[in-house]
Amino acid sequence: MGEILGFFHGGITVKDLQKSLKFYHDGLGLKVKFEKLLNGPYLRTVLNLKFDAINVAFLEVPGGGFIELLDYQGIEKLSAASRPCDFGGGHISFYVSKIDEIAEKMFKMGYIARSESCVDITEGPNAGGRSLYLLDPDGYPIELFMRPADA
């Protein structure tokens, strides 16, 4: 029987690839592995959509895996922004060090978060850690998570 072998990537559909690269690459520091225009016919079949092409960038996540940013061309695009409690929504979480420094940088770059600052986790298995839910340029939540000191 088949089995899961590992994590490959998480994809995020974006309105403007260059604006999103400023957030993920310039802001968060994820390394761009490649950026290209995809227009193979298999994409229209596997996605069951009629579009011209997809501008795509793969960003390397330290420790393994990628974030795939997808900017569809030649098709109407609507916002899928949602609140954390709305079904079908989601988020991506990154382990970070020095969460306050990253938050300060992102706020200075003009990005916002769901809370005004980093939040101390006071209970549960991550008690002693810190968290911040940043919003990318399209409103997709990206959690920064700093492990507890004793983790």
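Of the 151 residues of the chain, 34% are buried, where buried means under 20% relative accessible area with a 1.4 Å probe and protein chains only. This is a predicted model, in which local features need pLDDT of at least 70, side-chain atom pairs count only at pLDDT 80 or more, and totals for chains, interfaces and linings use all residues. Residues are numbered from 1 along each chain as its sequence is written, and side-chain values use heavy atoms, with hydrogens and water left out.

**Whole chain.** Show the chain as a cartoon. There are three helices and eight strands, in the order β-α-β-α-β-β-β-α-β-β-β from the N terminus. Helices (H or I, at least four residues) and strands (E, at least two) are DSSP runs, numbered from the N terminus. Along the principal axes, the C-alpha atoms fill a box of roughly 50 × 45 × 30 Å.

**Helix 1.** Select residues 17–27, which form helix 1. The buried residues here are Leu17, Ser20, Leu21, Phe23, Tyr24 and Gly27. Now add Asp16: at the start of helix 1, one of its side-chain oxygens comes within 3.0 Å of the backbone nitrogen of Gln18. At the other end, select Gly29, just after helix 1, where phi is positive at about 85 degrees.

**Largest pocket.** Select Thr13, Val14, Leu78, Ser79 and Ala80, the closest to the centre of the largest pocket among its 23 lining residues. A pocket is an open set of points on a 1 Å grid over the protein atoms alone, where a 1.4 Å probe fits, with protein on both sides within 12 Å along at least five of seven lines; lining residues have an atom within 4 Å of a point. The space in this pocket is about 560 Å³, a volume being the space filled by probe spheres set on the points, which are joined across faces, edges and corners. Next, select residues 9–13: this is strand 1, which gives the largest share of the lining, three residues. By class, the lining has 10 nonpolar, eight polar and five charged residues. Ala, Val, Leu, Ile, Met, Phe, Trp, Tyr, Cys and Pro count as nonpolar, Asp, Glu, Lys and Arg as charged, and the others, Gly among them, as polar.

**Second largest pocket.** Return to Gly29, which also lines the second largest pocket, and add other lining residues, including Leu28, Leu30, Val61, Pro62, Ile102 and Leu144. Its volume is about 260 Å³. Select residues 92–95 for strand 5, which gives the most to this lining, with three residues. The lining divides into nine nonpolar, three polar and no charged residues.

Note on methods
Buried means under 20% relative accessible area, exposed over 50%, partly exposed in between (1.4 Å probe, protein chains only). A polar contact is a pair of N or O atoms within 3.5 Å; within protein, one must be able to donate a hydrogen and the other to accept it, and residues adjacent in sequence count only if both atoms are side-chain atoms.
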